Amino acid sequence: MMWPNIEAMSEVIIDPDIRVAQTLPSEFYTEEFHFTEQMEHMSRSIQFVGHSSEFTSDMTPVPHLESVLKQPLLRTNLESDKHLLANVCTHRGMILCHEEKNGKSIRCTYHGRTFQKNGKMKNMPGFEDVENYPTESDDLPSLNLMHWHGFEFTSFDPSLELESILQPIEERLGWWLKDLNLKHDATRDRKWEINANWILYVDNYLEGFHIPFVHPELNEALAKDGYSTECYDHAVLQIGMANKDDVCFNIPDDAIDAGKRVAAYYWWIYPNMMMNIYPWGVSMNIIVPTSVNTTEILFKSYVQNPELLNVGAGALLDKVELQDQYVVEGCMRGLQSQLYHRGRYSATHEKGVHHFHMKLTR
Ligand code: FES
Ligand SMILES: [Fe+2]
């Protein structure tokens, strides 16, 4: 019998000291085995469902969660109660709801089983002689739907505490959250498919180091100094400062950032969510891994001050996105090279990336 090599097992992949650390080895971006492990882990992390303002219909399927959780889900409103149900009929597994709609109950189009909007089975034709029926297993299973200032999240791990994960945002932006009145603007939603592993997209997001090289227009909109990165347990915050005459937040005197001309708060929430907060409102980026070398990127906009949409750092979203995708796809090609394995971090500019890699390999 072979004993596992204890030394190899306890090997630290990312040194906690950024000054000596090497970056994430290329196999984490390219190997099926690592990808499967990452997906497993992702399904037990916190996942973004949407914002209450976009669930105006009684039943709304949530397709982006199907790739991450491998589970078709249906977000329902039953008066003031909101539910996140399996979108799979408990009879023979048909998808229940293909598109957003209104209705008194959820009705399967295959053999007509119906459910209440809280998942409880109502009736089923042709089941009169079936014994020990119905039982709880005929009801639709549901996932925990967690609410935070209108945003909704879920997870396969019921022990996750949304409040403590998002606590740093609460502390930093309590003044902004207090008067929040966001509305989903579907005309600004975007969806891209890119040829790159999902980690590369997150890595790129977590540093502003590349801004002067990759985003000349954004670089103009942000002040040359003051860009900062702060790491938290489950999040990283990057702050971009506004140029002299550009739009910025009106921050109250008792807030942490009082006196600063903040153009944007870029929050990454582990592992695949980004909440970008601009004076106009919030741009949520959801990173949906579709295979080891392909990723879907979803942008959703929640608007509060429409008159500020086309000014400052927050006005350049589409342009900046395409510039980012160009470098992320370029790295994906490069990482498959036999001649590259891993690199080093800038101790001043890549703290966020280092933090993410440590978390990912812990
Ligand atoms: S699969 Fe839904 S009623 Fe048969
Ligand atoms: Fe970028």
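Reader: What covers the buried residues of helix H3?

Author: The cover includes helix H2 (27–30), strand S1 (47–51), helix H4 (63–69), helix H7 (198–205) and strand S17 (281–291), where contact means heavy atoms within 4.5 Å. A word on conventions: residues are numbered from 1 along each chain as its sequence is written, chains are lettered from A and ligands numbered from 1 in the order in which they are written. This is a predicted model, where local features need pLDDT of at least 70, side-chain atom pairs count only at pLDDT 80 or more, and totals for chains, interfaces and linings use all residues, while side-chain values use heavy atoms, with hydrogens and water left out.

Reader: Which residues of H3 are called buried, and how do you know that they line one face?

Author: They are His-34, Phe-35, Gln-38, Met-39, Met-42 and Ser-43. Buried means under 20% relative accessible area, exposed over 50%, and partly exposed in between (1.4 Å probe, protein chains only). Seen down the axis of H3, the buried residues fall within an arc of 165°, so they line one face of the helix; the arc is taken over directions from the helix axis to the C-beta atoms. In general, an α-helix has 3.6 residues a turn, so residues three or four places apart point the same way.

Reader: How do you know that the length of H3 agrees with what a helix should span?

Author: The rule is 1.5 Å times one less than the number of residues. For the 12 residues of H3 (residues 32–43) that gives 16 Å, and the end C-alpha atoms are 17 Å apart, so the two agree. H10 (residues 317–335) passes too: its 19 residues should span 27 Å, and its ends are 27 Å apart. Helices (H or I, at least four residues) and strands (E, at least two) are DSSP runs, numbered from the N terminus; the protein chain has 11 helices and 18 strands.

Reader: What makes the site of the iron ion (ligand 2) irregular?

Author: Its donors are His-210 (NE2), His-215 (NE2) and Asp-324, which appears twice through OD, at 2.0 to 2.7 Å; the cut-off for donors (N, O and S atoms) is 2.8 Å, or 3.2 Å for Na, K and Ca, and with water not among the atoms, sites may look incomplete. The angles among the 4 donor atoms run from 53 to 149°. Four donors are tetrahedral if all angles lie between 85 and 135 degrees; four are square planar and six octahedral if opposite donors are over 155 degrees apart and all others between 65 and 115; anything else is irregular. With that range, irregular it is. The donor spacing is H-x4-H-x108-D, and Asp-324 is among the buried residues of H10.

Reader: Why are His-210 and His-215 called buried?

Author: His-210 has a relative accessible area of 11%, so it counts as buried. His-215, at 1%, is buried as well.

Reader: Why is Thr-290 called partly exposed?

Author: Its relative accessibility is 39%, so it falls in the partly exposed class. Thr-290 is found in strand S17 and touches Phe-35, Thr-295 and Glu-296, leaving aside residues up to four places away in sequence.

Reader: What makes helix H11 mostly covered?

Author: Of its 11 residues, 10 are buried. They pack against H2, H7, strand S13 (228–231), strand S14 (235–241) and strand S15 (262–269).
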